[in-house]
Amino acid sequence: MPKLIKNRKLQDNEWKLVRDESELEQSGKQIVTIDVYQAHEAELKDKLARAELGLLLKSDQGIDDLPQGFESAPVIAIDFPAFTDGRGYSIARDLLRYTSFKGELRAVGDVLLDQLHSMERCGFSAFELVDAADASKAEKCFDVFSEKYQRDALQEKPVYQR
Amino acid sequence: MYQYNEFDQRIINERVAQYREQTERFLAGEISPDQFLPIRLQNGLYIQRHAPMFRIAVPYGTLNTKQLRKLASISRNYDKGYIHVTTRQNFQLNWPALEHVPDILEELASVQMHAVQTSGNCIRNTTSDQFAGVSSEELEDPRPYCEIIRQWSTFHSEFHFLPRKFKIAVSAAKNNDRAAVRVHDIGVYLVEKNGKRGFEIYAGGGLGRTPVVSPLIHDFIEKEDLISYLEAIVRIYNKLGRRDNKFKARIKILVRSMGVEKFKALVDEEWERTKDSELKIPQAEFDRISAFFKDPEYKVLSDDPSILTDTLASNPDFKRWHRQNVFPHKKPGYAAVVISLKKTGVAPGDLSDFELESIADLADEFSFGEIRNTHDQNMVLPYVEQSALPKVWEKLVLLGFATANIGLMSDIICCPGGDYCSLANAKSIPIAEQIQRRFDDLDYLYDLGPLNLNISGCMNACGHHHVGHIGILGVDKKGSEFYQVSLGGSSKEDASLGDIIGPSFNADEVSDVIEKIIDVFLENRTEGEPFLYTYRRIGMDPFKEAVYAKAH
């Protein structure tokens, strides 16, 4: 399992990513892609409703691709196929601003220390680091800037409303 | 001009500390070169042919003398004692060491300067009219809106990894666009409709490999909605712009492939959700920012003081300079003076540490301590009393900055080219020099009228060759440097892209070719007609015939 930083702390990673249906297991905490969910909707629907299933959005998907009832998912993961693929930031921001999802928003894929700060500002609270060796350094990567011009997940008001 | 408050200063200081730590981790091997790439780019640092190249932001081209002196000392202490003005009103250093960049950034921060987002796939420095705030052609000073855009786009957490770079330009003089608005990813004109001021928004323009003049996306955005509308455009682009091919990743490709109507509809749909959000700019914020751009303490003066008219009557060199390099001002008795960085034999836009300091002295004495960079790689003293013009001219002559060629053919826009840039296919600076040497008679150039000649050393088009009335593009043919010539480009409000005349030329043929083009122009021009209009009227054929005549 990749190392997990959650709420700025190193924590146990309980959720397994299921990117392909062959990896799907009967039980256990799993985060599944929308494809896998749709292919196994009958069995996964209840799990989702019981808050026992997470969902994974790929970077070319958006909040409109989420299945009905997604708000019950305890975790929604957004994939970064490369750290330079910035679509995940907008997807996270949409989830934060346009849906009532209140669970954990997790960045997975090519997640590096130097992007944690911006990811958190877009609404991510959990991060699967691609390099386990980085886990001990992650904590200090969040407080890079004490001020921001824009509204973000941590601060309701932009500079001109403060 | 805008002054940092404690908040702005803290952000910039924290950025320097962040980059210092990142550079240390890179040098210790903890960050891979690929991972460090976007980090250093968004701090202005490229790795170039001979050394790193470091780009320093000059927000909308406005700077003060304290900053100019700091740049002089930085270029002396960390580089080879000179600096380069870019086509986006920024500065570039050509020889800094990677390890010194954190120190350079710290020095810049001490005078409210930075290199934030001057490169990389993010929102770059917003550019504007070099005569902003002093031109009588504009509705109002566009710089407060530029500053609002600067703050919104600085470290916007959502937009650090766009598909490709993103450039915004703003002009408040739609009838005389000096900011090349229509060849930007987003172009903004301040306009007045039905007695109300707001913005006309264009999107999807740009130069590079696939040049596009931007289409109109919205004909009137209320002032308070500026940021929500821009953000909607950038968000749609971030989600849908191509990421599989670097050469098709600019917003112009997205707009073109989905069609303007579809793009507009998506932007509007997004905008509907955000226009009444926190992005609505309160009047208090407009007032706060505008206060930084208040007029300086002008004296009450009249136009054409006798010392000016007398010198004009008695000194033909001064008269020539005044005619070409001095621009009208909204305040009676004042003028804006363009400092020509286009002297023959000097790379266009280059100036030394000593020259920077001399310009700072001039600005302190004659222009309320303020200077502008222009997108055509010159500088401006924006507030000169007309009675001081003879004195300013004398000093500029001594410095070699009084070449009376602004807007004329030897006022060449030119990229660093193969002498410096690792992307270039061909050298561009020696071509500029060759043309300047051939056409060195200022009266002849004046008679030719307004003529923009732009040179790029490769198809990335940093020298804006597509929008030169005459454009020259360096190309590589089997390992040799050749030059393709195009005619009829314009970066003004009637923007157009040049048409390629035909097969490319050897380096030593270029000025002969230009001369033949000029001859055709002179044979066909109606009295006083500018080159661009003659070309638009008579078309390519006569030029083509003359240029390739020998081959028949």
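**Exercise 1. Placing B:Q112 and judging its exposure**

B:Q112 is found in the loop between α4 (101-109) and β6 (127-128) of chain B. The model is a predicted one, and the task is to work out whether B:Q112 is buried, partly exposed or exposed, and to state which sign its phi has.

*Solution.* Begin with the neighbour count, which for B:Q112 is 19 other C-beta atoms within 10 Å. A residue is buried if 20 or more such atoms lie within that distance and exposed if 12 or fewer do, with partly exposed in between; B:Q112 is therefore partly exposed. Turning to the backbone, the phi of B:Q112 is near 60°, which is a positive value in a residue other than glycine.

**Exercise 2. A second loop residue, B:N194**

Determine between which strands of chain B the residue B:N194 lies, and decide whether B:N194 is buried or exposed.

*Solution.* In the sequence of elements, B:N194 belongs to the loop that runs between β8 (186-193) and β9 (196-203) of chain B. Its count of other C-beta atoms within 10 Å is 6, and because 12 or fewer means exposed, B:N194 is exposed. As a last step, note that B:N194 has a positive phi of about 50° although it is not a glycine.

**Exercise 3. B:S306 and a partner far along the chain**

Find the helix that holds B:S306, classify the residue as buried or exposed, and state what distance separates the C-alpha atoms of B:S306 and B:S387.

*Solution.* The helix in question is α10 of chain B, covering residues 306-314. B:S306 has 8 C-beta neighbours inside 10 Å and so counts as exposed. Although B:S306 and B:S387 are 81 residues apart along the chain, their C-alpha atoms are separated by 7.8 Å.

**Exercise 4. The surroundings of helix α3 of chain A**

Describe the length and burial of α3(A), and identify which elements its buried residues pack against.

*Solution.* First, the helix spans residues 87-98, which makes twelve residues, and its first and last C-alpha atoms are 16 Å apart, close to the 16 Å expected at 1.5 Å a residue. Second, nine of the twelve residues are buried, and the helix is thus mostly covered; among the buried ones are A:Y89, A:I91 and A:L95. Third, the buried residues pack against β5 (53-57), β6 (75-80), β7 (104-109) and α4 (116-122) of chain A, together with α6 of chain B.

Two of these strands can be followed further, since β6(A) and β7(A) pair in the parallel sense over six bridges, with A:I78 standing opposite A:A107 in β7(A). Five of the six residues of β7(A) are buried, so this strand is largely enclosed by the rest of the structure.

**Exercise 5. Cores and the contact between the chains**

Establish which residues have the most contacts inside the largest nonpolar core, and which helix gives the most to the side of chain B that touches chain A.

*Solution.* The largest nonpolar core has 166 residues, and B:I233, B:V337 and B:I339 are those with the most contacts inside it. The element that gives the most to this core is α6(B), with nine residues. Leaving aside residues up to four places away in sequence, B:I233 touches B:I186, B:A203 and B:V267. A second, separate core of 40 residues includes A:V75, A:A77, A:L95 and A:V111.

For the contact itself, chain A and chain B each contribute 28 residues. On the side of chain B that touches chain A, α1 (6-27), α2 (33-41), α5 (143-153) and α6 (226-240) of chain B each supply at least two residues, and α1(B) gives the most, with six. The residues on that side divide into ten nonpolar, nine polar and nine charged.

**Exercise 6. The overall form of each chain**

Decide how the radius of gyration of each chain stands against the globule rule, and state what share of each chain is buried.

*Solution.* Chain A has four helices and eight strands. Its radius of gyration is 16 Å, close to the 15 Å that the rule gives for 162 residues, so chain A is as compact as a globular protein of that length. Of those residues, 41% count as buried.

Chain B comes to 18 helices and 21 strands. A compact globule of 552 residues would have a radius of gyration near 24 Å, and the 23 Å of chain B agrees with this. Here 56% of the residues count as buried. Among contacts in chain B between residues at least 6 apart in sequence, 66% join residues at least 24 apart.

How values were computed. Residues are numbered from 1 along each chain as its sequence is written. Chains are lettered from A and ligands numbered from 1 in the order in which they are written. This is a predicted model: local features need pLDDT of at least 70, side-chain atom pairs count only at pLDDT 80 or more; totals for chains, interfaces and linings use all residues. Two residues are in contact if their C-beta atoms, placed from the backbone, lie within 7 Å. Ala, Val, Leu, Ile, Met, Phe, Trp, Tyr, Cys and Pro count as nonpolar, Asp, Glu, Lys and Arg as charged, and the others, Gly among them, as polar. A nonpolar core is a set of buried Ala, Val, Leu, Ile, Met, Phe, Trp, Tyr and Cys residues joined through C-beta atoms within 7 Å. The radius of gyration is taken over C-alpha atoms; the globule rule is 2.2 Å times the number of residues to the power 0.38. The expected span of a helix is 1.5 Å times one less than its number of residues. Two strands pair if DSSP finds at least two bridges between them.
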